Amino acid sequence: MKKDVHETVREIKSKFRLYMNGMASQSMRDRGLSYKLNFGIEYPRIKEIAANYEPDHDLAQALWKENIRECKIMAGLLQPVDTFYREIAEIWIEDMQYPELAEYTVMNLFQHLPYASEVVFAWIADERLYYQVCGYLLMARLLMKGMLLNESAEAEFLDQAFTAIEGDELQIQKNAALALRKFAVQAKENSRKMSRLLGTMSKTAKPEVKNYIDEIKNEIEYR
């Protein structure tokens, strides 16, 4: 018989308590991660605990609703893609407050969604912080998996990403630069195109933006 979802959540939280790392938890709080509860457990251990459970929509949704760092990370590991509709994905994004959670959720769940390539541009173009963060993280993952952009999609992506790295929101800058790096190394033509664009941009870029330009150039050189 299938366990009650609330009973399973309690069981998972009891396992988290066994591996609680007080020093790591305090360090995260000092860096501004103010979850209701943070066990300070490293990601490999969370993944190991999650492996004991079958993917389950109701369980993943219940875990996400807990204001507990490890529960939210595990939710992305246990959520089946076939019942994770766009509306739910965007509810999750609206609930995000920390870059770490965006990174794990995109890696474990969003990149595998059948509609990922359809929503990525909408999220990048959204004015809300974590929509853009997830959008650029997702774009980087899709490019790494071999997604090819047609001419109009490529132009839209480059325009949005270059605008983002010249902005003033650190998390958006960082992840837009990541996506540009993955685009640059996807093909030789992309590398040549990016080198030309970066050469022009670097002439007028602010010092902090030049750092991102240099990161992309370095990735091209050592690909």
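# Figure legends: an all-α pattern in a predicted model

Read from the first element to the last, the protein chain follows the pattern α-α-α-α-α-α-α-α-α-α-α-α-α. This is a predicted model.

**Figure 1. The whole protein chain, with 13 helices and zero strands.** The radius of gyration is 19 Å and the globule rule gives 17 Å for 223 residues, so the protein chain is as compact as a globular protein of that length. Along the principal axes, the C-alpha atoms fill a box of roughly 60 × 35 × 30 Å. Of the 223 residues, 51% are buried. Among contacts with a separation of 6 or more, 67% join residues 24 or more positions apart. The protein chain exposes about 11700 Å², and carbon and sulfur atoms supply 50% of that area. Side chains carrying charge number 30 positive and 34 negative, and the centres of the two sets lie 4 Å apart.

**Figure 2. Helix 5, residues 69–78.** Nine of the ten residues of this helix are buried, so helix 5 is largely enclosed by the rest of the structure. The buried residues are Arg-69, Glu-70, Cys-71, Lys-72, Ile-73, Met-74, Ala-75, Gly-76 and Leu-78. An α-helix has 3.6 residues a turn, so residues three or four places apart point the same way. In helix 5 the buried set includes the run from Arg-69 to Gly-76.

**Figure 3. The aromatic pair Phe-110 and Trp-123.** A search of the whole structure finds seven aromatic pairs. In the pair shown here, the ring centres of Phe-110 and Trp-123 are 5.4 Å apart and the planes meet at 55 degrees, so the pair is tilted. Planes under 30 degrees apart would count as stacked and planes over 60 as edge-to-face. Phe-110 sits in the loop between helix 7 (99–108) and helix 8 (116–125), whereas Trp-123 belongs to helix 8. The two residues are 13 residues apart, and the pair links distant parts of the chain. Both Phe-110 and Trp-123 are buried. Ring pairs link these two residues with Trp-64, Phe-84 and Trp-92 into a cluster.

**Figure 4. Gln-132 in helix 9.** Gln-132 has a relative accessible area of 13% and is buried, the limit for this class being under 20%. Leaving aside neighbours within four places in sequence, Gln-132 is in contact with Trp-123, Ile-124, Asp-126, Glu-127 and Ile-172. One of these partners, Trp-123, is also a member of the aromatic cluster of Figure 3. Ala-60 is 72 residues away from Gln-132 in sequence, and their C-alpha atoms are 23 Å apart in space.

**Figure 5. Lys-145 in the loop between helix 9 (129–144) and helix 10 (151–165).** Not counting residues up to four places away in sequence, Lys-145 touches Gln-111 and His-112. Gln-186 is 41 residues from Lys-145 in sequence, and the C-alpha to C-alpha distance is 9.6 Å.

**Figure 6. Gly-22 in helix 2 (residues 22–30).** The relative accessibility of Gly-22 is 43%, so this residue counts as partly exposed. Gly-22 and Ile-41 are 19 residues apart in sequence, with 9.0 Å between their C-alpha atoms.

**Figure 7. Arg-10 in helix 1 (residues 5–18).** Arg-10 has a relative accessibility of 53% and therefore counts as exposed, for which the limit is over 50%. The C-alpha atoms of Arg-10 and Leu-63 are separated by 9.9 Å, and the two residues are 53 residues apart along the chain.

Methods: Residues are numbered from 1 along each chain as its sequence is written. This is a predicted model: local features need pLDDT of at least 70, side-chain atom pairs count only at pLDDT 80 or more; totals for chains, interfaces and linings use all residues. Side-chain values use heavy atoms; hydrogens and water are left out. Helices (H or I, at least four residues) and strands (E, at least two) are DSSP runs, numbered from the N terminus. The radius of gyration is taken over C-alpha atoms; the globule rule is 2.2 Å times the number of residues to the power 0.38. Buried means under 20% relative accessible area, exposed over 50%, partly exposed in between (1.4 Å probe, protein chains only). Contact means heavy atoms within 4.5 Å. Accessible areas come from the Shrake-Rupley method with a 1.4 Å probe; for residues, only the protein chains shown count as cover. Lys and Arg count as positive and Asp and Glu as negative; His and the chain ends are not counted. The place of a charge is taken as NZ of Lys, CZ of Arg, CG of Asp or CD of Glu. Rings of Phe, Tyr and Trp (its six-membered ring) pair if their centres lie within 6.5 Å; planes under 30 degrees apart count as stacked, over 60 as edge-to-face and the rest as tilted.
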